Amino acid sequence: MADPVAPSTSGGAPDHVATNHSSPIKESAAAINPHVREEWSNFIYPTKDTEIPTEEMVKKLCPNHYSQAAWSRRSRNIPKTPAKLKAAELVAYLNQISRPLATHSSYSNLIIGRTYSFETNLDYSILFEVGGGKPIPGHPTGTACHPDIVAYQQHVPAKSAKTNLHWSHLEATGEVYSLKKTLEHSEAQAAGYTSYHLQARPDRRSVSGIWTKDKVFRIFFTDACQVFRTREINIREDSAGQLFFAFVWSLYHPQLDRSITRNLDVVPPTFKVQVGPKEFYNSLTVSFAGEAVGRRTTIMTQEHNCDLVIKEQYIEEGRRFDEGGILDKLHKDGIFPGVVRVGTYGPVKSRKVPIAEAHTVAIGHNRHRRITRHKRRLVLKDKGTPLAKVKTIKKFLMGLYDLLEIIRNADKHRGILHRDISPGNILVRDEPRSDGKPLATDLGDMCFSSYLLKKPNDQVNKPSLEERLDSDILVTDFDSAEDKDPSHPNISRVRKARTGTPTFMARVVRNVAYPAAVGYLPPAPDIHPQILPHYRELFPDRIEDFRGQLDEEELVGLRESVKVPPTEFRHEQRYDAESVFWYLLWWSLLAQPAEGYPVELIPSSTWSNLTGPEDDRHEIFVVSNKNFRLHSAYSKLAELLNSMRQHLLVDSQFTKDPIKKRPDYLTEVFQRLILNFLVENEDQPFMVLEKSDKDRKVPQPPSGGATTSKSIRSTTSRSTYLSTNVNSVGHSIMDVSLANESQPPGSSFTTHSSVDRSSPILPIETRSSKRILANQARSTLNTSNTSAGTKRSFQEVDKDPDPAQSESPPVRHKKQRPLDPPMKSNSGKNQPETPPTPRRSTRRRRSDE
């Protein structure tokens, strides 16, 4: 769910996806903006659209009521198609078909193949109207798009007026081609409208839509598996009338989830959900909706109930661990602090039949695979707002410390790895937990930052469990989590899946390869003397366990990127810890102080390298420290980022120190660095300087193509906007947009006389000797750990893998320039480097980039 974010000038939207069969990874789309209709639909249309014969479309629209014999005959009762399919003419024609269906006149339904006995006592008709050109309100993503044609139920007496239409009122959508857009964009918008429609209607298993241009049209059908469409059909073809009839007929007989009932007596409509024989929840609204095609994550909440969240997804069975079972295991011996609680969960049934959507896709030459997605529902008992919305650095860093404490103890005591640490999944609890249930007592020395940072006078000799574990952090969305229990029935399959949100994924997980680098890995940092006695008292084992055999920095490295065989890939705790680093970097770049401080833009190259579809994060933010271009008021935070990135230079897989190989080593290191930073800067004004509700933005791109440079590369020429439109249950609706290269109005970095020992760029007088040392280190590396290149998986935002993309083509392997190992600074201070001026590149980008 996800998911997911970039700054610019429009509103936020969900990330979108496209995955490899063995790697369900959320793709970082180049730019998705719900306020511009083409952006959502253009992403969906080429990869998630399937053209099917008209006969198959009729079967989808009229399941269980189709007859091959009847299809060959024409019906005299179906009105004659109009001469042209302009908006007004099309609406009039569709209403002409709809009226007899609503009044129960005897239709000889030749598409269905027999006279169909329509439902009696209908108190509504389906009315088609031309869209008013204004955005339709009430969509969970906040989209401002407006279909050219809408269909809704007209009740007698009327329950809603045309002026009060919301997305959840709609029964169908349509797009009419105009010269203002290309043909491809127009068709893509029609597909996009059906996706938006499905997001707003959790009671519908599928929706349909229409696209027209002069004398041709297409019918669209969208469910959790795919967007299906017909070929372009001329209105004079024999099948045109029957297809129009099937389209309208399907609106009177939609495919529904009968456990959800729509209430049209209120505006906007609400939903009633039955989760058990005697368990009902009323007045629910959709507060978050993931991408319609795929897992189709839907979150429903009650405005008056702060402890209720209903989460629904279409899950491909056997590919993921059961989220309800994961949460049950975490809370098995009492409440696991900081983790969302679960109530009822399981498969969803409609009239006692489990709901499932199936689709067959081609995965190669003469190879096909059947996808079946089963609908599952969870009742969750906690709500919150995103941690990313907190106002101060101090509050945010305390939240990250607690998050790392939850990550390490969930792995240590329950064998659970989250695998999708990202902004939408880390919340701050709205209200304190009040159910009175006891906390788990088997969590060892687990302790959160609020007690750890207490003044000596405020500390107690033997703190209670509630005092040690007092935190308002709430980790949610365990639908991508892994249970490491080897007895799990699907352990051999699901634990190998790579998953996550690309911007925040560990580099190894995202690229299935260890990145190439040569440099020094520093030892674990010492605890700040001010807090060391308290830390030693609370965590005596951690002091000893993480005292490395190599007390000095260790020169390690890889000459080339090392590929990880998919069969050998295992997610580790350190990968979730690395995600915390990317989360901190993302939040820090976006932070803009409140009123009274100048607006400073994020360099577009910096943002695109963090959030772009190609993973350049290692070179730009780990090998180098020059791209932590924060707002000048928060520039001190770059020191923490720099300290953390030094421990990420080379994967601990290649260190000689067994302590560094521990799965919780990186977690401990990051916790110490955050803790030290909080103590050292406790009295600094920037720690409590409130940030604005509005994030920093990327500058508008200049005219022309994208720019590139050796150190900073802009990945697309499309400008974008970042809006973090995060709802009350903590799911970020993110709009990732990338802009051309542009310098910000000011820089938060200055030049100092001291040399940064972690910098890959060294003073010229020191480079020669250091290069000799680095070359010697490279020559001693085990060449068996190297690989000629890597294969990048086609990745996805909020979805399971698309089997049609199961065989990912290899991409060009970027050459690694020789790296000079860093040197020690006599002053001991970190020196941020002055960013180089990017060079304009004349290389034309590939369309797939």
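**Strand 6**

I began with strand 6 (residues 216-222) in this predicted model, and asked how many of its residues are buried. Seven of the seven are, so I noted strand 6 as largely enclosed by the rest of the structure. I then looked at the two faces separately, since in a regular strand the side chains alternate between the two faces of the sheet. On one side I found V216, R218, F220 and T222, on the other F217, I219 and F221, and every one of these residues is buried, which leaves both faces of strand 6 covered.

**Partners of strand 6**

Next I looked up which strands pair with strand 6. Strand 5 (residues 207-213) runs antiparallel to strand 6 and is joined to it over seven bridges; in one of the pairs I checked, V207 has T222 of strand 6 as its bridge partner. The two strands form a hairpin with two residues between them, and in that turn I noted D214, whose phi is positive at about 55°.

Strand 7 (residues 227-229) is also antiparallel to strand 6, with three bridges between them, and here F220 is matched with R229 of strand 7. I recorded this as a hairpin too, with four residues between strand 6 and strand 7. Strand 8 (residues 233-234) is joined to strand 6 by two bridges, again in the antiparallel sense, and the bridge partner of F217 in strand 8 is I233.

**An open sheet of three strands**

I moved on to the sheet with the order 19-21-22, which is open and has antiparallel pairing. Its edge strands are strand 19 (384-386) and strand 22 (473-475), each of which pairs on one side only. From one strand to the next the twist averages 45°. Helix 8 (residues 393-414) packs on this sheet, where it touches strand 21 and strand 22, and its direction makes about 45° with that of strand 22. Looking at the pairing itself, I found that strand 21 (residues 426-429) and strand 22 are antiparallel over three bridges, with V428 bridged to I473 in strand 22.

**Helix 7**

Which residues of helix 7 (residues 323-330) are buried? I listed E323, G324, I326, L327 and L330. They cover an arc of only 160° around the axis, which puts them on the same side of helix 7. As background to this I kept in mind that an α-helix has 3.6 residues a turn, so residues three or four places apart point the same way. I also looked up what covers these buried residues, and the cover includes helix 8 together with strand 13 (309-316), strand 14 (342-347), strand 18 (367-380), strand 20 (416-417) and strand 23 (482-483). Helix 8 therefore enters my notes twice, as part of the cover over the buried residues of helix 7 and as the helix packed on the open sheet, touching strand 21 and strand 22.

**R645**

I turned to a single residue, R645, which lies in helix 18 (residues 637-646). Is R645 buried or exposed? Its relative accessible area is 2%, so R645 is buried, the cut-off being under 20%. A polar atom of its side chain lies 2.7 Å from the backbone oxygen of V622. I also noted W582, which is 63 residues from R645 along the chain, while the C-alpha atoms of the two are separated by 9.7 Å.

**Whole chain**

Last, I recorded the totals. The chain has 849 residues, of which 62% count as buried, and its secondary structure comes to 20 helices and 29 strands. The accessible surface is about 33,200 Å², with 49% of this belonging to carbon and sulfur atoms.

Note on methods: Residues are numbered from 1 along each chain as its sequence is written. This is a predicted model: local features need pLDDT of at least 70, side-chain atom pairs count only at pLDDT 80 or more; totals for chains, interfaces and linings use all residues. Side-chain values use heavy atoms; hydrogens and water are left out. Two strands pair if DSSP finds at least two bridges between them. Axes are lines fitted to C-alpha atoms, for helices over the stretch in contact, and angles run from 0 to 180 degrees between N-to-C directions. Contact means heavy atoms within 4.5 Å. Buried means under 20% relative accessible area, exposed over 50%, partly exposed in between (1.4 Å probe, protein chains only). Accessible areas come from the Shrake-Rupley method with a 1.4 Å probe; for residues, only the protein chains shown count as cover. A polar contact is a pair of N or O atoms within 3.5 Å; within protein, one must be able to donate a hydrogen and the other to accept it, and residues adjacent in sequence count only if both atoms are side-chain atoms. The arc is that of the directions from the helix axis to the C-beta atoms.
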